[in-house]
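Reader: I'd like a close look at one part of this model, and after that a walk through whatever surrounds it. Take your time with it.

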Amino acid sequence: MLSKDIRSTFLDFFREKDHLVLPSFSLIPHDDPTLLLIGAGMAPLKPYFTGEKKPPHPRVATCQKCVRTPDIERVGRTARHGTFFEMLGNFSFGDYFKEEAIFWAWELVTTKYKLPEDRLYVSIYHDDDESFNIWHKKIGLPPEKIYRLGKEDNFWEIGQGPCGPCSEIYYDLGPEHGCGRPNCAVGCDCDRFLEVWNLVFTQFSCTENKEYIPLSQRNIDTGAGLERLAIVLQGVNNFFEIDTIRPILNYFCNATGVTYGKDAEKDVSLRILTEHLRGISFMVGDGILPGNEGRGYVLRRLLRRAVRHGKLLGVNEPFIHKAVDLVVKEYGEFYSELTKGQAYIEKVIKLEEERFHETLEQGLKMLTDLMGNTSSNGIFSGEAAFKLYDTYGFPIDLTKEILAENGLQLDEAGFNVALDAQRKRARSARADHAFGSKDNSYQPISALQNEFCGYEMLTADSEVIAILKDGNLVQQAAAGDEVEIVLAKTPFYGERGGQVGDSGQLLAPHVQVKITDTVITPSEQIVHRGTVTEGELHQGDVVQATVESSVRNAICRNHTATHLLHKALRDVLGAHVKQAGSLVSPERLRFDFTHLSALSYAELQQVELLVNEKIWQNVPVGVDLVTLDEAKEMGATALFEEKYGDKVRVVRVGDYSIELCGGTHVKNAGEIGVFKIISEAGIGAGMRRIEALTGAGAYKWFVKRNQLLEDSAAQLKGSAEQLPDKINALLAEHKQQQREQQRLLLKLAGMEVDGLLDKVTDKSGVPVISAQVSASNMETLREMADRLKNKLESGIIVLGAAAEGKVLLVGAVTADLVKQGYHAGKLVGAVAKLTGGGGGGRPDMAQAGGKDPESLAAALEKVHDLIQSQQK
């Protein structure tokens with residue numbers, strides 16, 4: 001049975017049992033800071049198990065992609081350890097329990113997968129008599145096929161919270177896979193009895209005191225590894241031989257020219273390449289980029305480990321990305337994100353391969369040298385390992401693996417000290433920009449609450465509930481005082497989500513305050529920053545708070561345009577584009593996003609046109625307040641893996657863009673006026689930044705650009721339309737003048753050459769011309785050397801020139817002297833070193849450069865000595 005049929009059989013079976021079949025969740029956990037990556041089928045469903053959220057259906061079934069890396073060092077060294085796998089699972093949230101879970105599992109494996117009952121065994125928790133009775137009395141398994149195991153094997157728990165006993169189904173692969181011991185049975189750590197399905201009965205809650213209290217809602221959580229089922233159903237020995245993985249192994253065999261099964265060490269490298277490719281492809285497909293922290297580090301670690309093992313097999317160029325097509329062919333039908341993102345996945349992998357190849361050779365050489373200098377105790381310096389990590393991009397785990405292969409250990413404490421020192425330096429560099437530290441100046445108002453009413457209005461009457469001056473609470477403030485003010489309710493938007501804070505004024509008959517900025521404190525208070533311009537402000541005053549409408553409107557235009565830009569980028573570049581940061585100010589917008597390469601002019605034009613088309617269509621902008629699940633059903637984009645409350649605000653720009661957003665927006669896209677991208681640049685690995693203008697800002701930009709065109713045209717005595725022709729004519733004229741200048745320079749050089757022929761000396765035993773000449777570029781210098789060489793029957797020439805603060809050098813040796821062992825490249829390279837430079841080339845002609853023109857004359861005087869050294 002093919003893997004795709006194993007998957008569909010499982011899901012169809014439970015669909016018939018009234019389960020809601022959900023697609024696989026992303027490998028990136030949503031709203032769960034305790035997880036780096038999804039490593040189990042139940043992980044994305046945790047809120048339904050805990051009761052935090054209501055499930056979409058009391059019965060659910062999934063095939064979940066998973067990544068686990070605790071055993072990464074063993075991957076490749078055995079044929080059964082892996083980092084990526086598919087987990088088939090059926091789940092019950094307070095619905096059915098043990099009897100149905102056991103009955104359905106047995107029905108599926110025996111009637112659908114048709115596994116022979118005589119090779120099936122089960123295990124249960126040692127005191128779970130209820131499960132024993134179901135297996136024995138209702139399923140009919142004899143007691144000798146039911147094994148009672150302890151807590152370590154058959155009780156699932158992670159600290160406090162829901163937990164419960166397990167029952168596992170095992171398949172007997174046969175004695176040839178076993179350890180040969182007489183007592184080999186279920187629970188043995190050999191490979192004979194393969195666990196194919198684990199049924200977890202979540203019926204208790206573990207307390208802080210390790211008490212197990214029965215749950216009011218009992219749940220079922222099962223997991224069947226698809227690859228393990230494939231081993232059994234396809235009759236192969238390990239998962240490298242199943243239908244979805246063997247083609248990948250074959251690819252790497254062909255790409256490296258290595259036959260699998262002939263060399264144990266090479267087999268390790270082939271298995272690592274094969275196994276890691278799937279996890280790498282799926283992680284990139286879910287939007288993870290290689291990095292030095294978190295899940296990005298996991299990806300980089302897998303990819304660079306694979307690159308190194310490719311190198312061990314003799315491949316010194318990027319090639320792993322070429323195998324992504326095989327992953328897409330095997331998995332793309334079920335995991336559509338692979339098919340849609342194939343080009344992007346290949347690009348990310350290739351780029352990371354290229355980056356690591358650039359430093360791998362240097363890093364390995366440095367590591368080899370350092371290992372040779374390791375002290376007799378076999379402990380490798382942690383500081384040296386950190387340098388490899390920081391300078392050459394060696395994941396620390398890769399260094400540890402190479403050290404272990406050479407019988408060495410890492411001083412991990414020393415590495416951590418160096419790493420912590422770097423992090424402290426980084427934190428220190430950010431300290432001046434930090435906001436909301438524990439000792440922040442807003443502590444005195446942390447208990448206050450105020451309300452934002454600025455979506456509906458720009459003016460509101462409100463009570464002053466707090467005044468801060470120099471970080472201290474005060475009762476009043478006089479004209480000239482710089483203050484921070486908290487109102488009971490306010491139309492002023494506080495800086496958040498990339499949108500800058502509002503400005504405006506607070507007015508009362510006896511006071512006027514100019515507000516220049518609005519911020520939100522760590523405790524969620526909206527604070528108005530400004531200066532008292534007239535009168536006195538008192539706590540308890542009622543003021544009229546008015547937002548500066550022209551500034552707010554400009555901000556709204558830029559914010560809605562940012563949403564349109566995000567959607568247009570995804571349409572043009574692909575679904576891999578994700579927002580990584582933004583700034584929405586009245587003057588301009590800035591948008592940071594994930595993408596690997598610079599956008600072409602055509603791509604920028606296409607993005608710009610898409611945004612402007614929505615503006616010209618004047619599509620309406622709507623806002624909905626819904627649950628997060630409802631927002632997802634609407635197709636809303638959530639940003640930054642943020643934590644959301646019970647209700648979320650969804651901003652819709654027509655039916656084109658739908659995003660979760662708390663910012664302020666225009667009512668109709670036409671209010672934006674026009675959208676213009678003014679710059680696009682890289683800001684880091686896999687990160688791009690676009691800056692753009694809208695409305696009046698865009699109009700002013702066009703006016704300024706038009707004025708530049710008109711002024712330039714006037715200088716060339718033509719119109720703006722004639723500029724291309726005028727510029728082309730100028731360039732042609734300039735090129736002609738350059739050619740004429742070079743012709744004159746060569747003519748002068750020829751005259752200088754004739755003079756140099758009178759300066760031939762033979763104190764080295766051969767004719768030599770060594771001189772400083774007038775030449776502005778290397779081309780002229782080479783021409784002079786060629787002319788001298790043609791006029792000399794036999795000789796050595798070294799010419800030097802000073803140009804633009806640098807030294808230019810050319811050396812030439814006639815054919816007869818080359819045969820005698822004289823070498824222009826070595827000679828001119830030695831002269832260049834005397835001027836602080838270097839270079840070299842062929843025996844008959846070479847060039848070099850130096851950094852110190854003042855040393856050129858002295859260096860040329862050493863030519864005879866250097867020639868004599870070549871005679872030895």
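Which residue in β20 is the bridge partner of I515?

Author: That would be G530, the residue in β20 that bridges to I515. Before going further, keep in mind that this is a predicted model.

Let's start with the strands around that bridge. β19 covers residues 511-520 and has β18, residues 504-508, as an antiparallel partner, with five bridges between them. One place to look is L506, which stands opposite V513 in β19. Between β18 and β19 there are two residues, and the two strands form a hairpin.

Now follow the chain onward. β19 also pairs with β20, residues 526-538, again in the antiparallel sense, and this time over nine bridges. The I515 to G530 bridge you asked about belongs to this pairing of β19 with β20. These two strands make a hairpin as well, with five residues between them. In that turn, have a look at E524: its phi is positive, at about 80°. So much for the hairpins.

E524 brings up the matter of backbone angles, and two loop residues elsewhere are worth a visit. D18 is not a glycine, yet its phi is positive, about 65°. You'll find D18 in the loop that runs between α1 (3-16) and β1 (20-22). With a relative accessible area of 45%, D18 is partly exposed. Then there's N618, also not a glycine, with a positive phi of about 55°. Its loop sits between α17 (601-616) and β24 (621-627). N618 has 38% relative accessibility, so it counts as partly exposed too.

For a residue inside a strand, try T62. It belongs to β2, residues 59-67. Is it buried or exposed? T62 is buried, because its relative accessible area is 1%, and the cut-off for buried is under 20%. Leaving out residues up to four places away in sequence, T62 touches F10, L11, L22, G41, M87, L88, G89 and F91. One of those contacts, L22, falls within β1 (20-22), the strand that follows the loop with D18.

Toward the other end of the numbering, A857 sits in helix α24, residues 856-861. At 39% relative accessibility, A857 is partly exposed. Its C-alpha atom is 8.1 Å from that of A771, though the two residues are 86 apart along the chain.

Now zoom out to the whole protein. Its secondary structure adds up to 25 helices and 33 strands. Of its 872 residues, 50% count as buried. Among contacts with a separation of 6 or more, 67% join residues 24 or more positions apart.

As for overall dimensions, the C-alpha trace spans about 115 × 95 × 55 Å along the principal axes. The radius of gyration is 37 Å, whereas a compact globule of 872 residues would have one near 29 Å.

Finally, the surface and the charges. The accessible surface is about 41600 Å², and carbon and sulfur atoms supply 49% of it. There are 99 positive and 119 negative side chains, and the centres of the two sets are 4 Å apart.

Note on methods. Residues are numbered from 1 along each chain as its sequence is written. This is a predicted model: local features need pLDDT of at least 70, side-chain atom pairs count only at pLDDT 80 or more; totals for chains, interfaces and linings use all residues. Side-chain values use heavy atoms; hydrogens and water are left out. Helices (H or I, at least four residues) and strands (E, at least two) are DSSP runs, numbered from the N terminus. The radius of gyration is taken over C-alpha atoms; the globule rule is 2.2 Å times the number of residues to the power 0.38. Buried means under 20% relative accessible area, exposed over 50%, partly exposed in between (1.4 Å probe, protein chains only). Contact means heavy atoms within 4.5 Å. Accessible areas come from the Shrake-Rupley method with a 1.4 Å probe; for residues, only the protein chains shown count as cover. Lys and Arg count as positive and Asp and Glu as negative; His and the chain ends are not counted. The place of a charge is taken as NZ of Lys, CZ of Arg, CG of Asp or CD of Glu. Two strands pair if DSSP finds at least two bridges between them.
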